[in-house]
Amino acid sequence: MKFLFPILFIIVSLLAQDNYEDWDKQYKLTPTVIDSDAHNAYIEIFTNKKATSAYINKAKEYPVGAIVYKPLYQDKAKKILVRVVIMEKMYKGYDSQNGDWFYAVSNPKGDDVYEKGRIDHCISCHKLVKDTDYMFSQSVMKKIDDENFELERIIPDLELYEK
Ligand code: HEC
């Protein structure tokens, strides 16, 4: 019985993992594009429902099923979307050394995943922010605050971002 949940989770995730087509219909935390610290790119942050308040509150631990998407644009006007990087919180034991995160890199549409799993080069950098569960929420939320983003707008009703 104890193993049933992880097994079901693996099956469901295997079916779901390669398709992130709806990433741009999730909660959009960034009011405008922000400069990426890590890449020569402009980024936005989208979170699914489970990840949203955890990210805003710079949580120390995310619930299983939390997903955070970071589209990377070549230009500030968002004309060229190069790819989307994704992190998904997996079941306990998926990668216990590294916070049980699944990493993926997909095409702009989200239906073609180039790289996925416990990706070492992603982990090597994200472990710098182990205190906030491998999420760069501190620095990203600071940039959002500097833009005078009204958090009230997204916290009470968590409106879905409409395109
Ligand atoms: C050199 C360090 C570095 C590497 C390598 C790296 N990241 Fe990140 N990542 C960051 C930083 C810094 C941020 C915060 C936003 C920004 O400044 O771009 C971030 C943000 C993210 C986010 C949004 C959630 C968050 O932490 O704020 C996701 C999702 C993500 N990265 C996925 C990946 C994936 C997938 C890989 C591997 C293909 C990867 N990252 C490799 C540094 C890195």
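1. pLDDT is the predictor's confidence in each residue, on a scale from 0 to 100. This is a predicted model, and the protein has an average pLDDT of 86, with 82% of the residues scoring at least 70. Residues 159-163 are a weak stretch: pLDDT stays under 50 there, and the model has 8 contacts beyond four places in sequence for them.

2. Helix 2 covers residues 49-56, and its buried residues are A51, T52, A54 and Y55. These buried residues pack against strand 1 (27-28), strand 4 (46-47), strand 5 (67-73) and helix 4 (137-146). After helix 2 comes K58, which has a positive phi, near 50°.

3. Y55 lies in helix 2. Y55 counts as buried because 23 C-beta neighbours fall inside 10 Å, and the cut-off for that class is 20 or more. Leaving out residues up to four places away in sequence, Y55 touches L29, T47, V68, M135 and S137. Y55 and M141 are 86 residues apart in sequence, yet their C-alpha atoms are 8.2 Å apart in space.

4. V68 is one of the contacts of Y55. Apart from neighbours within four places in sequence, V68 is in contact with I45, T47, A51, Y55, M87 and M135. T47 and M135 thus recur, being listed for Y55 and for V68.

5. The largest nonpolar core has 30 residues, of which A51, V68, Y69 and I86 touch the most other members. Two or more residues of this core come from each of strand 3 (42-43), helix 2, strand 5, strand 6, strand 7 and helix 4. Strand 5 gives the most, with 4 residues. A51, named above among the buried residues of helix 2, is also a contact of V68.

6. The ligand has 23 residues around it, and those that come nearest are S36, A38, C122, C125 and F136. By class, this shell holds 16 nonpolar, 5 polar and 2 charged residues.

7. Which elements supply at least two residues each of the shell around the ligand? They are strand 5, strand 6 (81-89), strand 7 (101-106), helix 3 (120-126) and helix 4. Helix 3 provides the largest share, 4 residues. Strand 5, strand 6, strand 7 and helix 4 are listed both for the shell and for the largest nonpolar core.

Terms used:
Residues numbered from 1 in each chain as written. Predicted model: local features only at pLDDT ≥ 70, side-chain atom pairs only at ≥ 80, totals over all residues. Buried ≥ 20, exposed ≤ 12 C-beta atoms within 10 Å, placed from the backbone. Contact = placed C-beta atoms within 7 Å. Near = placed C-beta within 6 Å. Nonpolar A, V, L, I, M, F, W, Y, C, P; charged D, E, K, R; others polar. Core = buried A, V, L, I, M, F, W, Y, C linked by C-beta atoms within 7 Å.
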